[in-house]
Amino acid sequence: MPDNWSYVFSAYGLAAVVLLGYWRRLAGRAKSLAARGARRAA
Amino acid sequence: MRRAWIVVWKDVLSERRSKESLNALVFFSILLLFVFQFALGPERARVEAALPGLLWLGFILSGLLAFGRTFLVERENDCWEGLVLTPGDKSAIYVGKLAGNVLLMAVVEAVLLVLFAVFFGLDFTGVLPGLSLVLALGTLGLASVGTLFGAITAQMRARELLLPVLLLPAVVPILLGSVSATQTVLLGQPLAEAAAWLKLLAAADVVYLVVGLLTFEFVLEG
Amino acid sequence: MAARVLGWLAALALVAGLVAAFGYAPREAVQGNVQRIMYLHVPAVLTAYLAFGLVFLGSLGYLLTRRPGWDRLALAAAEPGVLFTGITIASGSIWGKPTWGTWWTWDARLTSTAVLFLVYVGYLLLRGMVDEPDRRARAAAVVGILGAANIPIVHFSVKWWRALHQPATILGPESSPIATPIALALFTNWIAFTLLFAYLLAKRMQIARLEDMHAG
C-alpha cells in the first residue's frame with residue numbers, strides 16, 4: 001500500500017495549526033488582561 | 001402533582017379558546033406534506049421508502065415550533081416572574097408544560113398520519129397499536145428535551161436560532177430509534193423485532209425526563 | 001505558575017509523542033504509514049471525552065454550589081474539548097480517504113463524534129448569547145448536564161443504526177490485537193495530549209478569572 005505521507009502530514013499539520021492558534025489566542029488575551037490589571041493597579 | 005395538572009389545564013383551556021398554536025401547527029403539517037412530496041419528486045416509491053423518516057422529520061419540525069412557544073404566553077403577558085416566584089417544587093411546572101406539549105404533539109402526529117394516509121394511499125390501521133407505542137416513546141423523548149430547552153431559550157433574543165441548534169443534536173438518539181422502530185412496524189413486522197430500539201427509546205426517555213425534572217428549577221430562576 | 005510548568009511538560013511530552021509516533025512505532029503492515037494518523041486521532045478523542053467529563057463536573061458543581069469557579073471550569077474545558085473533537089473528526093476523515101476511498105463515511109465512531117461536536121458547539125454558542133453571568137452559567141450547566149448524560153445514549157444509538165446498514169466492520173485499530181510498540185506510542189501521545197489539555201484548561205481558567213475580576 002502506498003504510504004500517503006501527505007495525508008499524515010496534513011492531519012498533523014491541521015492539528016498543530018488549530019492547537020497553536022488557540023494557544024496563541026489564549027496567550028494574547030492573558031497578556032492584555034495582565035496589562036489592564038497593571039494599569040488599574042497603577 | 002396537582003399543580004402540574006393545573007398548568008396543563010390552564011394551557012389546554014387557553015389553547016381551546018384561541019386555537020392559535022393548534023391551527024397553525026396543523027396547517028404547518030399540511031405544508032410539510034407538500035414540501036416532502038415536492039422535494040422527493042413524483043415517484044411514489046421514493047416517498048414510501050422514506051416514509052418513516054419523513055414522518056419523524058415532520059414531527060420534529062413541528063415540535064421545534066411547538067416547543068419554542070411553550071412559554072410564549074407567560075413571556076408575552078409578563079407572567080414570567082409569576083413562574084419564577086412560584087413557591088415550592090418548580091418541577092410541577094415542567095411536568096405540566098411537558099404534558100401540554102405531548103398533547104399538542106399527539107394531535108399534530110395524528111393529523112400528519114391521517115394526511116399521509118390520504119395523500120399517499122396508505123393504510124395504517126393494521127399497525128396502529130405498534131405505531132402508537134413508537135410514537136408515544138419518541139414524542140415523550142422529544143418533548144422532555146424540547147420543554148426544557150424551550151424554557152432555557154424562552155428569555156433569549158436568539159431563541160428561534162438557539163432552540164433548534166441545541167435540540168437537534170440532543171435528540172439524535174430519539175430520531176434514530178424512532179425511525180428504525182417505525183420502519184419495522186410499518187413493514188408489518190412484529191413489535192419484538194424492534195425491541196432493542198424500543199428499549200433504547202425508553203431508556204433515553206427516562207434519562208431526559210430525570211434531567212428535566214432535576215434541572216428545571218435552575219432554569220426558572222430569573 | 002502551575003500553568004507554566006504544565007506548559008513545558010506538555011511541550012516535552014508532545015515532542016516525545018511525535019518521536020514515538022514517527023520514529024519508534026513501526027510501519028504498519030496492512031495500512032502503511034498512513035496508520036500513524038491514529039497516534040493523533042485516538043489520543044484526541046480520549047482527551048475530548050476527558051474535556052466533556054469536566055464540563056459535566058463544572059456544570060454540576062455550579063448548580064450545586066453557585067461558585068463561579070465551577071462555571072469557569074465548564075467553559076475552560078468546553079473550548080479545548082470542541083477543538084480536540086474537531087481534530088478527532090478531521091484526522092479520522094483524513095485517515096479515511098486513502099484507506100476507504102472517501103472523506104466521510106457514516107461509521108459509528110465518526111458519526112458519534114460528529115454529534116458530540118455539534119452538541120458542544122451548541123453549548124458554546126449558547127454561552128456566547130447570554131450576557132448575564134448567572135443566567136449564562138445556569139443555562140449552560142443544564143445543557144452541559146444533558147449533553148454529557150446523552151453521550152452513552154448517542155453512542156449506542158449510532159452503533160446500532162450502523163449495524164443495521166453495514167454489518168461488515170472495516171479496518172480499524174481495534175480490529176487486531178495491538179502490538180506493544182503501537183500501544184506504547186498511543187500511550188505516550190495520550191499522556192502528551194492530556195498534559196496539553198490540562199495546560200490549555202489552566203490558562204483558559206486563569207483568563208476567565210481575570211475577566212470576571214475586571215467585570216466585577
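Me: What is the handedness of the crossing of α4(B) and α7(B), and how should I read it?

Reply: In general, handedness tells which way the near helix is turned from the far one, anticlockwise for left-handed and clockwise for right-handed. In this predicted model, the crossing of α4(B) and α7(B) is right-handed. The axes of helix α4 (residues 51-68) of chain B and helix α7 (residues 91-120) of chain B cross at roughly 145° and come within 10 Å.

Me: Which residues of α4(B) and α7(B) meet there?

Reply: From α4(B) come B:L55, B:G58, B:F59, B:S62, B:G63, B:A66 and B:F67, and they meet B:N101, B:L104, B:M105, B:V108, B:E109, B:L112 and B:F116 in α7(B). Sorted by class, the contact of α4(B) with α7(B) has nine nonpolar residues, four polar and one charged.

Me: At what angle do α8(B) and α11(B) pack, and how far apart are their axes?

Reply: The axes of α8(B) and α11(B) are 9 Å apart, and the two helices pack at an angle of about 20°. Angles under 35 degrees count as roughly parallel, and α8(B) is therefore roughly parallel to α11(B). The crossing in which α8(B) passes α11(B) is left-handed.

Me: Which residues bring α8(B) and α11(B) together?

Reply: Among them, on the side of α8(B), are B:L137, B:G138, B:L140, B:G141 and B:S144, while the residues of α11(B) that take part include B:L198, B:L201, B:A202, B:Y208 and B:F216. By class, this contact of α8(B) with α11(B) divides into 14 nonpolar residues, five polar and one charged.

Me: How many residues does each chain give to the contact of chain B with chain C?

Reply: To read a contact between chains, one can take the residues from each side and then ask which elements supply them. Here chain B gives 26 residues and chain C gives 27 residues. On the side of chain B that touches chain C, α8 (128-154), α9 (159-170), α10 (172-186) and α11 (195-219) each supply at least two residues. Of these, α11(B) gives the most to that side, with nine residues. The side of chain B that touches chain C has 21 nonpolar residues, four polar and one charged.

Me: How many helices and strands does chain A have?

Reply: The secondary structure of chain A comes to one helix and zero strands, and the C-alpha trace of this chain spans about 65 × 5 × 5 Å along its principal axes. Of its 42 residues, 19% count as buried.

Me: How is A:F9 classed in terms of burial, and why?

Reply: Burial is read here from the number of C-beta atoms around a residue, with 20 or more within 10 Å needed for buried and 12 or fewer for exposed. A:F9 has 14 C-beta neighbours inside 10 Å and therefore counts as partly exposed. The place of A:F9 is in helix α1 (residues 5-41) of chain A. The C-alpha atoms of A:F9 and A:R29, which are 20 residues apart along the chain, are separated by 30 Å.

Me: Which helices of chain C supply the side that touches chain A?

Reply: In the contact of these chains, 26 residues of chain C meet 22 residues of chain A, and on the chain C side α3 (68-100) and α6 (180-215) each supply at least two residues. The largest share of that side, 10 residues, comes from α3(C). By class, the side of chain C that touches chain A has 14 nonpolar, seven polar and five charged residues.

Me: How do α1(A) and α3(C) run relative to each other, parallel or antiparallel?

Reply: Their axes come within 9 Å and cross at roughly 170°, which makes α1(A) roughly antiparallel to α3(C). The residues in this contact include A:Y7, A:L14 and A:Y22 of α1(A), together with C:P80, C:I87 and C:W95 of α3(C).

Me: Is C:G92 of α3 buried or exposed?

Reply: C:G92, which lies in helix α3 of chain C, has 24 C-beta neighbours inside 10 Å and so counts as buried. Leaving aside residues up to four places away in sequence, C:G92 touches C:H41 and C:L110. C:G92 and C:R109 are 17 residues apart in sequence, and their C-alpha atoms are 9.3 Å apart in space.

Me: How many residues are in the largest nonpolar core?

Reply: That core has 137 residues, and those with the most contacts inside it are C:A51, C:A74 and C:V142. Not counting residues up to four places away in sequence, C:A51 touches C:A77, C:A78, C:P80, C:G81, C:F84 and C:F197.

How values were computed: Residues are numbered from 1 along each chain as its sequence is written. Chains are lettered from A and ligands numbered from 1 in the order in which they are written. This is a predicted model: local features need pLDDT of at least 70, side-chain atom pairs count only at pLDDT 80 or more; totals for chains, interfaces and linings use all residues. Two residues are in contact if their C-beta atoms, placed from the backbone, lie within 7 Å. Helices (H or I, at least four residues) and strands (E, at least two) are DSSP runs, numbered from the N terminus. Ala, Val, Leu, Ile, Met, Phe, Trp, Tyr, Cys and Pro count as nonpolar, Asp, Glu, Lys and Arg as charged, and the others, Gly among them, as polar. Axes are lines fitted to C-alpha atoms, for helices over the stretch in contact, and angles run from 0 to 180 degrees between N-to-C directions. Angles under 35 degrees count as roughly parallel, over 145 as roughly antiparallel, 65 to 115 as roughly perpendicular and the rest as oblique. A nonpolar core is a set of buried Ala, Val, Leu, Ile, Met, Phe, Trp, Tyr and Cys residues joined through C-beta atoms within 7 Å.
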